[in-house]
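Me: I am new to this structure. Please walk me through the terms used for it, and show how each one is earned.

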Amino acid sequence: MSARWDPSWRRLLAGTGLLFALLVGLLAIRVHAGADPGLRRDATSAPAPQERALPQLPRHERRRLYPGAPAPPYGMPGQGGGALPPRVEPSPRLPDMRSS
Amino acid sequence: VTDPLAHVWWLAGRSAGIVAWLALSAAVVLGLLLVTGLAPGRAREMLGLARDRLGVLALGLLAAHGVLLLGEPRVSPGLGLVVPFASGHDPLWTGLGTLAGILLAVAAIARARQVVPVGWLLAAVHVIGGGTDAGSLWLQVPFYVTLVYGLALLGWWAATTVREPPPEPVPPEPAAPEPALAPAPLWLRGEGGR
C-alpha cells in the first residue's frame with residue numbers, strides 16, 4: 001500500500017481534531033439560533049416545572065403525573081365543586097437537556 | 001438568544017461523543033473486514049494498524065465525552081461516569097454508555113477483541129436512547145450508515161463462523177511401516193544372481 005494511506009498518529013489526530021472542532025461549531029450555531037434539540041430557545045424564560053400551574057386533572061391522575069406537586073384543593077370537577085384556579089396549558093417547549 | 005459559551009462543556013461533550021462513535025465504528029468495521037477475510041491481502045497490515053490506532057483514539061474520545069459532560073451540571077453523569085446506572089441524569093441510557101466504555105476499556109487491556117462488538121452495540125443503544133442529536137438528520141445519516149454496515153459485517157462474520165465448525169482433532173497416524181530394503185547391488189549378489 002502507498003504511504004498516502006498510512007494511518008499515522010499525526011493524520012488520525014489531525015482528522016479527529018478537525019471533525020471535533022467542526023461539530024462544536026455546528027452545535028454552537030444551532031444553540032445560538034435556538035434550533036438545538038437539547039436546549040430550546042425559551043428554556044431560560046420558561047417557568048420551572050414546579051412553578052407551573054398544574055392542569056386540571058382528577059386527583060389520582062395529578063398524583064401520578066406530578067408526584068412532587070402539592071395536593072390539589074378539594075373540589076375538583078365531579079367532587080363537589082369549588083373555585084378552581086384558571087387552567088394553564090404547559091408550555092410545549094420545555095427544556096430538554098440530554099447527556100450526549 | 002442562548003449564548004453557546006454558557007454550555008461549552010456540554011457542546012464539547014456531545015461532539016466528543018459523536019467523534020468517538022465514528023472512530024469506534026471505523027475500528028469495528030476494519031476489525032470485521034480483517035477477521036472475515038474481506039480485506040484485500042496487500043492492505044491487511046495497514047488496515048490492522050488503522051484498526052488498532054482508531055480503537056485507542058475511540059477510547060480516549062469516550063473518556064473525554066464523559067469527563068466533558070461533568071462540566072454541565074444539569075446533565076453531569078457524576079458517579080455514573082464510572083459506575084453504570086448510578087447517574088442522577090437519565091440513568092438507563094447513561095448507564096448503558098458507561099457500561100460500553102468499561103467493556104471497551106477491558107477489551108483493550110485484556111486484548112479481547114471478541115468483546116469489542118458488544119461494547120459497540122451498547123454504545124449504539126446509548127446513542128439511540130440518550131443522544132441529544134439522535135433525532136437530527138445530520139447525525140442519523142452517518143450513525144445509521146455505520147451501524148448498518150457494521151451489523152452486516154457482524155452478521156457475515158457470525159454466519160461464516162457458525163457454518164464452519166472448528167476442525168476436529170486428527171487422530172495420530174499409525175507408525176509408517178519400515179521401508180523395504182533396497183535390492184542389493186548386483187556386485188553383492190554374487191554369481192548365482194543371474
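Reply: A salt bridge is a side-chain nitrogen of Lys or Arg within 4 Å of a carboxyl oxygen of Asp or Glu. This is a predicted model: local features need pLDDT of at least 70, side-chain atom pairs count only at pLDDT 80 or more, and totals for chains, interfaces and linings use all residues. Residues are numbered from 1 along each chain as its sequence is written, chains are lettered from A in the order in which they are written, and side-chain values use heavy atoms, with hydrogens and water left out.

Me: What makes B:Arg14 and A:Asp36 a salt bridge?

Reply: Their closest N and O atoms are 2.9 Å apart. The limit is 4 Å, so the pair qualifies. The count between chain A and chain B is one salt bridge. On its side of this interface, chain A has 18 nonpolar, six polar and six charged residues. Here Ala, Val, Leu, Ile, Met, Phe, Trp, Tyr, Cys and Pro are nonpolar, Asp, Glu, Lys and Arg are charged, and the others, Gly among them, are polar.

Me: How many residues does each chain bring to the contact?

Reply: Chain A brings 30 residues and chain B brings 39. Contact means heavy atoms within 4.5 Å. The area buried between the two chains is about 3200 Å². Carbon and sulfur atoms give 70% of that area. Buried area is the accessible area (1.4 Å probe) that two parts lose on being put together, summed over both.

Me: Why is B:Ser15 called buried?

Reply: Its relative accessibility is 0%. Buried means under 20% relative accessible area, exposed over 50%, partly exposed in between (1.4 Å probe, protein chains only). So B:Ser15 counts as buried. B:Ser15 touches A:Phe20, A:Leu23, A:Val24 and A:Leu27, not counting residues up to four places away in sequence.

Me: Why is B:Ser25 called buried?

Reply: The relative accessible area of B:Ser25 is 1%, so the residue falls under the 20% limit. Leaving aside neighbours within four places in sequence, B:Ser25 is in contact with B:Trp120 and B:Thr146.

Me: Which helix holds B:Ser15, and what makes that helix enclosed?

Reply: B:Ser15 is in helix H1 (residues 8-35) of chain B. B:Ser25 lies in helix H1 of chain B too. Helices (H or I, at least four residues) are DSSP runs, numbered from the N terminus. Of the 28 residues of H1(B), 23 are buried, so the helix is largely enclosed by the rest of the structure.

Definitions and conventions: Helices (H or I, at least four residues) and strands (E, at least two) are DSSP runs, numbered from the N terminus.
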